[in-house]
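Please open the structure in your viewer and keep the sequence beside it, so that each selection can be found in both places. The tour moves from the whole chain to single residues.

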Amino acid sequence: WEVVNRWHERFVAGKENGVTGDPVLTVATSALPADSAGAFTWERETRSDWSVPEASLYRLYLRADTSLTPLRPPANGGYVVLRNEWNSAYSFDHAMADRFSGARFDSSLPRVARRFVTRPLQNDVRWYGAPRAHYAAGSDDDRFPLHCQIFEVEEGGESRLINRIPLTVREWSPGAVGSVDAQGFMHSHRFARGSRIAIELTNID
């Protein structure tokens, strides 16, 4: 809010305060460990433009053995089944009344997840931008959820949610197999050396 107030002061109040000479970009990067309230540590840096010349594409592949690896699996490398089952008598209004939690919600819309995990990172990995996902998927329904959640797993084993790629596929041809693409939310995060990156595919985000 300090920055917002300075821009307001300059262009609404007409006061020369030097804000136009500030760096073009401030990048706030989340990192672990979290504090006692569960909030990330934040690292901030200023940049003169929007480019990140040191960045490169970091691609990870989901494998049927639940590993997460930079190596592309073979074409016949298997598949993972994610069952999406629900009580058809349980409506959105019911879920709203239950505040999307509780025993009735959980039993009517059971959450199913499959987790894929990297090996411990040999170095810090700093992530800029929005995560993207590309799936080869199939379903017997005309629509289905395929949400992705991204975690950092600390050396002690505790998982922290970092980002997500929500997706509900619609107008699908039942029984078909095809490609699905989705994009998550812009974020900057530093995965620490020794941690692991985990991705969960789930029917409920």
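What follows is a series of stops, each with something to select and a description of what is there.

**The whole chain**

Begin with the protein chain shown as a cartoon, and keep in mind throughout that this is a predicted model. As you turn the cartoon, look for three helices and 14 strands. The C-alpha atoms occupy a box of roughly 65 × 45 × 35 Å along the principal axes. The radius of gyration is 21 Å, whereas a compact globule of 205 residues would have a value near 17 Å.

Now switch on the surface of the protein chain, which has an accessible area of about 13,800 Å², with 51% of that area belonging to carbon and sulfur atoms. Beneath the surface, 32% of the 205 residues count as buried. If you colour the charged side chains, you should find 24 positive and 26 negative ones, and the centres of these two sets lie 3 Å apart. How much of the contact between residues with a separation of 6 or more comes from residues 24 or more positions apart? The share is 66% of those contacts in the protein chain.

**The largest nonpolar core**

Next, hide the surface and select Tyr 135, Leu 146, Cys 148, Ile 150, Leu 167, Val 180 and Phe 191, which have the most contacts inside the largest nonpolar core, a set of 23 residues. Add the strands β6 (125–129), β7 (132–138), β9 (147–153), β10 (159–165), β12 (177–183) and β14 (196–202) to the selection, since each of them supplies at least two residues of this core.

Stay here and centre the view on Tyr 135. Which residues does Tyr 135 touch, not counting those up to four places away in sequence? The list consists of Leu 146, Cys 148, Leu 167, Gly 178, Ser 179, Val 180 and Leu 201.

**Backbone details in three loops**

Move to the loop between β1 (25–31) and β2 (41–47), where you will find Pro 33. The peptide bond that joins Leu 32 and Pro 33 is cis, with an omega of about 15°.

Then select Phe 100, in the loop between α2 (92–97) and α3 (103–108). Phe 100 is a residue other than glycine with a positive phi, near 55°, and its relative accessible area of 40% makes it partly exposed.

Continue to Glu 171, in the loop between β11 (168–169) and β12. Here too phi is positive in a residue other than glycine, with a value near 55°. Is Glu 171 buried or exposed? Glu 171 counts as exposed because its relative accessible area is 80%, and the cut-off for that word is over 50%.

**Two residues with distances to check**

Select Ser 56 in the loop between β2 and β3 (61–62), where this residue is exposed, with a relative accessible area of 64%. Draw a line from its C-alpha to that of Pro 74: the two residues are 18 positions apart in sequence and 24 Å apart in space.

Finish at Ala 64, in the loop between β3 and β4 (68–69), which is partly exposed, with a relative accessible area of 35%. Leaving aside neighbours within four places in sequence, Ala 64 is in contact with Gly 77, Gly 78, Tyr 79 and Val 80. A line from Ala 64 to Glu 158, drawn between their C-alpha atoms, spans 23 Å, and these residues are 94 positions apart in sequence.

Key. Residues numbered from 1 in each chain as written. Predicted model: local features only at pLDDT ≥ 70, side-chain atom pairs only at ≥ 80, totals over all residues. Heavy atoms only, no water. Helix = DSSP H or I, 4+ residues; strand = E, 2+ residues; numbered from the N terminus. Rg over C-alpha atoms; globule rule 2.2 N^0.38 Å. Buried < 20%, exposed > 50% of the residue type's maximum accessible area, 1.4 Å probe, protein only. Contact = heavy atoms within 4.5 Å. Areas by Shrake-Rupley, 256 points an atom, 1.4 Å probe, with all protein chains shown as cover. Lys, Arg positive; Asp, Glu negative; His and termini not counted. Charge placed at Lys NZ, Arg CZ, Asp CG, Glu CD. Core = buried A, V, L, I, M, F, W, Y, C linked by side-chain atoms within 4.5 Å.
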